[in-house]
Amino acid sequence: MSLQTDSTPNKPKFPSLLKAISIIWKRERSITEVIIHISNALALMIVGHLVFSYLTAENVIAVFSTVNSEILYYILGGFIAQMIDGALGMAYGVTATTFLMSVGITPAAASASVHASEVFTSGVSGYMHLKFGNVNSKLFKTLVIPGIIGAILGAYVISSLENYADYIKPIVSIYTLFLGAIIIRKALIKRQEKRQLKRVGWLALFGGYLDSIGGGGWGPIVSSTLIASGRHPKYTIGSVNLTEFFVSLASSLTFFTVIGLGYWQVIAGLILGGVVAAPIAARLANKLPVKSMMILVGIVIIVVSLRQIVLGAGKFF
């Protein structure tokens with residue numbers, strides 16, 4: 001008596017589409033994930049509205065007709081800033097802002113352009129930190145709302161003072177000079193005394209406000225202070241990076257509302273330069289002497305800031 005075997009190979013059983021959707025829908029999510037998904041949906045809605053409202057053939061032709069050789073300066077600025085940020089993990093905003101102001105861009109337009117380009121980079125960076133478990137949910141929830149409020153206030157203030165750009169430039173340069181000193185200090189200091197930090201929300205509010213006004217500083221101010229207070233660097237950097245996406249998004253939307261999109265060429269240049277520099281910076285990140293690079297970047301930022309302060313000092317005297 002022969003046994004008949006089923007020659008038909010076992011086919012993998014996949015759940016139906018409705019069942020798969022049901023499983024995904026019922027999966028428990030943290031508050032952080034819910035905020036991320038809601039923000040992504042809002043961002044897609046805004047992008048979709050802008051695309052369908054303004055991306056017409058006439059507008060595209062008009063936009064390309066306004067492109068001139070100045071975009072090469074902005075591409076260079078984005079390239080330099082991304083190279084530094086890719087090697088050091090910080091200083092994109094302050095480097096790009098310092099560069100843009102040195103070629104004649106107003107403080108509000110420089111900050112707006114930097115934050116618009118940072119929405120892309122900080123979004124990817126924050127999402128990856130979240131996926132790899134580097135985000136402290138409690139710290140993130142403490143930082144995000146005050147950071148957004150500070151970013152909106154800072155963007156509104158600097159935009160409202162656009163007519164006084166010649167007076168604002170040296171003031172912002174004093175701030176970027178201060179950030180340059182922080183970068184050098186981080187490179188030189190070996191041990192920091194741990195201390196308890198209670199008012200983290202106020203720190204985020206202050207960091208978001210200065211970040212919008214100066215075009216950078218969220219990371220150097222917030223991350224440095226939290227790590228110096230004794231918080232774990234891994235979760236601090238992850239939480240601060242994820243929060244930076246919301247801070248940059250809130251700042252960019254405020255700038256768009258107040259001063260419009262007249263500086264799109266600067267944004268495009270920063271993004272293009274950053275895209276070109278990103279893989280190069282990633283490859284060089286482990287080969288460059290980080291300490292020496294931080295000191296060099298800090299010195300360059302201080303020198304350029306001092307130049308802006310000296311040039312603008314005549315407005316006050």
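**Exercise 1. Place Thr243 and list its contacts in this predicted model.**

Solution.
Step 1. Set aside the neighbours within four places in sequence; Thr243 is then in contact with Phe140, Leu143, Val144 and Trp218.
Step 2. Find the element. Thr243 is found in helix 11, which covers residues 233-259.
Step 3. Check exposure. The relative accessible area of Thr243 is 0%, so the residue is buried, the cut-off being under 20%.
Step 4. Look for a polar partner. A polar atom of the Thr243 side chain lies 2.7 Å from the backbone oxygen of Ser239.

**Exercise 2. Describe helix 7, from its length to its bend and its buried residues.**

Solution.
Step 1. Take the length. Helix 7 spans residues 137-160 and has 24 residues. From first C-alpha to last it reaches 35 Å, close to the 34 Å expected at 1.5 Å a residue.
Step 2. Look at the start. There, a side-chain oxygen of Asn136 comes within 3.0 Å of the backbone nitrogen of Lys138.
Step 3. Find the bend. Helix 7 bends by about 25° at Val144. A proline, Pro146, follows within four residues.
Step 4. Return to Thr243. Its contacts include Phe140, Leu143 and Val144. These three are among the buried residues of helix 7.
Step 5. Read further along the buried set. It also includes Pro146, Gly147, Gly150, Ala151, Gly154 and Ala155.
Step 6. Compare with the record. UniProt, in an unreviewed entry, places a "transmembrane region" at residues 139-158, among other ranges. Over residues 139-158 the chain is 100% helix and 0% strand. The end C-alpha atoms of that range are 28 Å apart.

**Exercise 3. Which residues form the aromatic cluster, and how are their rings arranged?**

Solution.
Step 1. Count the pairs. The structure holds 2 aromatic pairs.
Step 2. Take Phe140 and Phe246. Their ring centres are 5.8 Å apart, with 55° between the planes, and the pair is tilted.
Step 3. Place the two residues. Phe140 lies in helix 7 and Phe246 in helix 11, so the pair ties together parts that are 106 residues apart in sequence.
Step 4. Take Phe245 and Phe246. Their centres are 5.2 Å apart and their planes stand at 75°, so this pair is edge-to-face, the cut-off being over 60 degrees.
Step 5. Check burial. Phe140 has a relative accessible area of 0% and is buried. Phe246, at 4%, also counts as buried. Phe245 is buried too.
Step 6. Join the pairs. Phe140, Phe245 and Phe246 form one aromatic cluster.

**Exercise 4. Work out the surroundings of His115.**

Solution.
Step 1. Find the element. His115 is found in helix 6, residues 107-131.
Step 2. Check exposure. Its relative accessible area is 0%, so His115 is buried.
Step 3. Look for a polar partner. The backbone oxygen of Ser111 lies 2.7 Å from a polar atom of the His115 side chain.
Step 4. List the contacts, not counting residues up to four places away in sequence. His115 touches Asp211, Ser212, Gly215, Ser248, Ser251, Ser252 and Phe255.
Step 5. Check one contact region against the record. UniProt's unreviewed entry also gives residues 200-221 as a "transmembrane region". Over that range the chain is 86% helix and 0% strand, and the end C-alpha atoms are 12 Å apart.

**Exercise 5. Buried or partly exposed: sort Ala109 and Val276.**

Solution.
Step 1. Take Ala109. Its place is in helix 6. At 12% relative accessibility, Ala109 counts as buried.
Step 2. List its contacts beyond four places in sequence. They are Glu162, Ile259 and Tyr263.
Step 3. Add a C-alpha distance. Ala109 and Ser159 are 50 residues apart along the chain, and their C-alpha atoms are separated by 8.2 Å.
Step 4. Take Val276. Its place is in helix 12, residues 264-284. With a relative accessible area of 47%, Val276 is partly exposed.
Step 5. Add its C-alpha distance. Val276 and Met83 are 193 residues apart along the chain, with C-alpha atoms separated by 9.3 Å.

**Exercise 6. Summarise the whole protein: how many helices and strands are there?**

Solution.
Step 1. Count the elements. There are 13 helices and 0 strands.
Step 2. Take burial. Of the 317 residues, 41% count as buried.
Step 3. Take the contacts with a separation of 6 or more. Residues 24 or more positions apart account for 84% of them.

Notes
Residues numbered from 1 in each chain as written. Predicted model: local features only at pLDDT ≥ 70, side-chain atom pairs only at ≥ 80, totals over all residues. Heavy atoms only, no water. Helix = DSSP H or I, 4+ residues; strand = E, 2+ residues; numbered from the N terminus. Buried < 20%, exposed > 50% of the residue type's maximum accessible area, 1.4 Å probe, protein only. Polar contact = N/O pair within 3.5 Å; in protein donor to acceptor, adjacent residues only side chain to side chain. Contact = heavy atoms within 4.5 Å. Expected span 1.5 Å × (residues − 1). Bend = angle between axes of the 7 residues up to and from the residue. Phe/Tyr/Trp six-rings, centres within 6.5 Å; stacked < 30°, edge-to-face > 60°. UniProt positions renumbered as here; feature names shortened; annotations may be inferred.
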